[in-house]
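The following exercises concern two lysine side chains and one helix. Please work through each task before reading its solution.

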Amino acid sequence: MGRNKAKKPKKARSNALSSLDRLVQTYQADDLWELIVAAGASPNLRHRWASVGAVAHASIRANWAGSGAAVGTDALEPLLDGAVDVFPDLAWNEDFVAADPRLDVRLRIGDSLRRLFPGCIERPVADIDRATLTSRAIDEFVVAVHGFGIQDVVDVITAHVDASLRVLAPAWPASISQDDDEPTETLHEAELTASRELLATESADVDTQSRQVALEWLTKDASAVAFDPTHPMSAFGRCARVRRGSDFRWLPLAFLPEVLSYAVGELAASVANLPEARLRFAQESAAAARNYLWRFSSSVLGPNDLSDGPTVSPRNVVQWIAPVARDVAIAVQMLSQLGDLVGFREKPIVKQIADASPSPTQLSVPMAYRGLRVPAGTEVVPLLIASSPHHITASPGGPGLASMSLDELRWIAQTADDDLDLAHFCKDLANPTGPQLFGWEVIDRWEAWRSGGKTFFAGGASPPMIAFAPHSGEAEWQLAATHSDVEAALATLQLPIAHDAALVERSGTDAPTVAAWRTPAADGTPGISETAREVNAWTLHVGQSPVAVTWSDQWPADQWKLVMDIAGAIPFGIAQVSSEWETAHTAETARGHIVELVPPNAADQTTLFSIGTNELGSDGIQRVSVGLAFSVLEGFEGEDSDLRIREEMAVLIRKLLHLSGVARSDCDAVESAWRTAPPTLTFQIINTITRHNDLRPPVDFNESLGSEIDRVIATKVKDAGVTPGIFTGAEAKRLDREILSRAALDALRAKLAFYDRDDLVRYGMTQLERGAAQRDAALRGIRQSQKSLSLAWDPVTTANKVQSDAFQLRRANEMIVEAALRDSPRGESQINEITWASLLAAANAFVEATTRSEGVHLQVTPLALEINDLYEIATIDDPTPIEPHEGAPYRLNQHELSLAMAAEQFDSDSGEVPAPP
């Protein structure tokens, strides 16, 4: 199960020689250690690393100068088998297959970029982020006690890992096939050779006194090294390096991540008795939680920050309130402790408040400083966040109270795609009437939830329990590998954004966007306030000579969209001329460039771009402000607007390079390549007087609310006494007509009854107008891009998706308006975006029922209905027609038809109809 099991550690073995000890002594000691180091890093043996640890421990106990039989790769199998004979628990440990170290995961550690190794732990990336937060909070206290800090320990271990991987990784075999369930147990001769090279060149030197002290603290004499494969955190404790006399050995890479995590926890525990250290850790944890909550809410309510961070309290109080909709708010309570987590004696206050909501009157909410009142009618979703220097596999919660670690809140914020995701997940996670949920970590439940329609189940029969497969934390390792080039660019450019705070968005590989919320400055005045999020964002070129383009806060709101488009077009254009770009950069030029787009001075209105401030720092980074004149851009309207923008960008790039020390000939080469490359931006100015030109986007479907409606309909099917099975022919027609379609319509009517007909019609007609405007604008953009730019995506497929999504949304909005006019509801509830999204879910369920009838009743692509034991309802292909007749039923491929229609409409100007892909 990996290294984070909630299992009581057993006592370490005695010093008596075991059969494994005796086997180890038959081999030549140095050769054997080379084999152990190679095996302890080999991707092919990552499911046997626990056994490698037992062999390493036996070798450490043995005579390091011992002679014996030569060691080859064939010696590994009997050694690993011998380890399991001595430590039977290893077989249980080795059902865990560690993440693949061949994925190149790099993070910024201090001022350096380091490659990580996954080791025998669940979430090595989260461990680094947690160590960084803990270091920021309490290192001043740890240094005062030990002479070094947590950051020193992180630096020492990750530097050794990174240096080792530079030697070992090139010798690893290519990645295994995705069809293989587990790695093989083959160690290649090249890996053994690389291990020998590493040990011959390994250095014990570190670059600062504090890191030297940290390294000594991580080093143990060979006689004192204990090995406990059942320990829930680290089989070797805090021991990263072993000493015997004047000789030293680092443990194999497989064990260093867990040693690091254990060491951080031990250092934190050593200052846990200091009130100041506990306060600083609680403040850092609260600040991080607010940062992640800003992903879901434009503002967070809570006590004002003090000069040294958020106002916090160990009492049973609320830390933050995050409004995620007009009548829905998440109430967050923090449990931050440097030692073992101890919950509150009484019911957590967020649970008490949630139990009383929604209330017809205001609810009083005690906070770390005084309190506030939640408006009447607000639904409060409770969330308990546990923060610890250790990896937490389960945090204290209970029925009706969602709880998770700060690590898991971070992951949810990084991977969510809707502002309501956190609230809906918390409600499902703590549903007191739902099934019992069993799993090691909340990340396992989150990954299952978001990949399963944003629900744990959508059937009408609730299962008594749901067990979640472990090890979903590997998704974190995979995502980190995807963003390693972003980390490298940020490290080079030294942008002020921590890895644990970064949100990375990339639709391709050419110009990712990285953003982080910044905390507004605080004056330390006590009180309660609503803190709006402020964003720092950059679009990046992530090559060897990276570029970051950002934009000033001074831009008016109506120009932000185009400014951000231009900010993305510049890195994309650099990617198109990457060969010339990289050739232009030498040791004498800037290593990277940071560009800020700002409104121009009044005198700089003759060209699209104008250089403002320019600084080439001692760090080799060029920092430059560039004025962007919208008046000039508006004059580019016409058929060749994209070409004129390209020319202006080429001139800008040439100036930037020249100011950063690039030779004139290289500047000319980049400019020439830019002028001949496809344009990266095109635009049209359309301001039609017969329509609203600046409409907000329409309310869209919410996947979680859709699953909720599916569950309501499925429950009605179950209550109707339908027996699970596959329904075809007349039986399917009856089920669809009498139960499913009626249940969908009843669900819609039940929701409409809360609102007034006139409000529904007004809101619905507004949504229809917004939906049409958004669709038309998207299609115009696709057509213009196809006409002027070189595209990495298929415009017909993209246009088809835009049209299909808009059509589905339009039908649902029309259904709400039609049903409101027909039923004339007279409810008094107010409509907002979340309530309309709920109505859309119900309306879409009824629309889908009518679409399904085409297959079940009319034999257009014949369908059958399948209901499983949990009353989850699905449509499947029906190979036989419902009504016998001559010939086969008409089987319509709706996807291919819609693609063909999109191609015909989309390319009507040219008369050319591309074949559907």
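**Exercise 1: Lys718**

Lys718 is found in helix 23, which spans residues 703-719. The model is a predicted one. Task: determine whether Lys718 is buried, partly exposed or exposed, and which residues it touches beyond four places in sequence.

Solution.
- Step 1. The relative accessibility of Lys718 is 35%. Because partly exposed covers the range between 20% and 50%, Lys718 counts as partly exposed.
- Step 2. Beyond four places in sequence, Lys718 touches Gly460, Ala461 and Tyr871.
- Step 3. Gly459 lies 259 residues from Lys718 along the chain, yet their C-alpha atoms are separated by 9.1 Å.

**Exercise 2: Lys454**

Task: locate Lys454, classify its accessibility and list its contacts beyond four places in sequence.

Solution.
- Step 1. Lys454 is found in the loop between helix 15 (442-451) and strand 14 (465-467).
- Step 2. Lys454 has a relative accessible area of 5% and is therefore buried, the cut-off being under 20%.
- Step 3. Lys454 is in contact with Asp417, Asp418, Asp421, Asp428, Trp449, Glu703, Ser704 and Ser707.

**Exercise 3: helix 4**

Task: establish how the buried residues of helix 4 are arranged around its axis, and which elements cover them.

Solution.
- Step 1. In helix 4 (residues 76-86), the buried residues are Leu76, Leu79, Leu80, Gly82, Ala83 and Val86.
- Step 2. Viewed down the helix axis, these residues fall within an arc of 160 degrees, so they line one face of helix 4.
- Step 3. Glu77 and Asp85 are exposed on the other side of helix 4.
- Step 4. The cover over the buried residues includes helix 1 (19-24), helix 2 (29-39), helix 3 (49-61) and helix 5 (89-93).

Note on methods:
Residues are numbered from 1 along each chain as its sequence is written. This is a predicted model: local features need pLDDT of at least 70, side-chain atom pairs count only at pLDDT 80 or more; totals for chains, interfaces and linings use all residues. Side-chain values use heavy atoms; hydrogens and water are left out. Helices (H or I, at least four residues) and strands (E, at least two) are DSSP runs, numbered from the N terminus. Buried means under 20% relative accessible area, exposed over 50%, partly exposed in between (1.4 Å probe, protein chains only). Contact means heavy atoms within 4.5 Å. The arc is that of the directions from the helix axis to the C-beta atoms.
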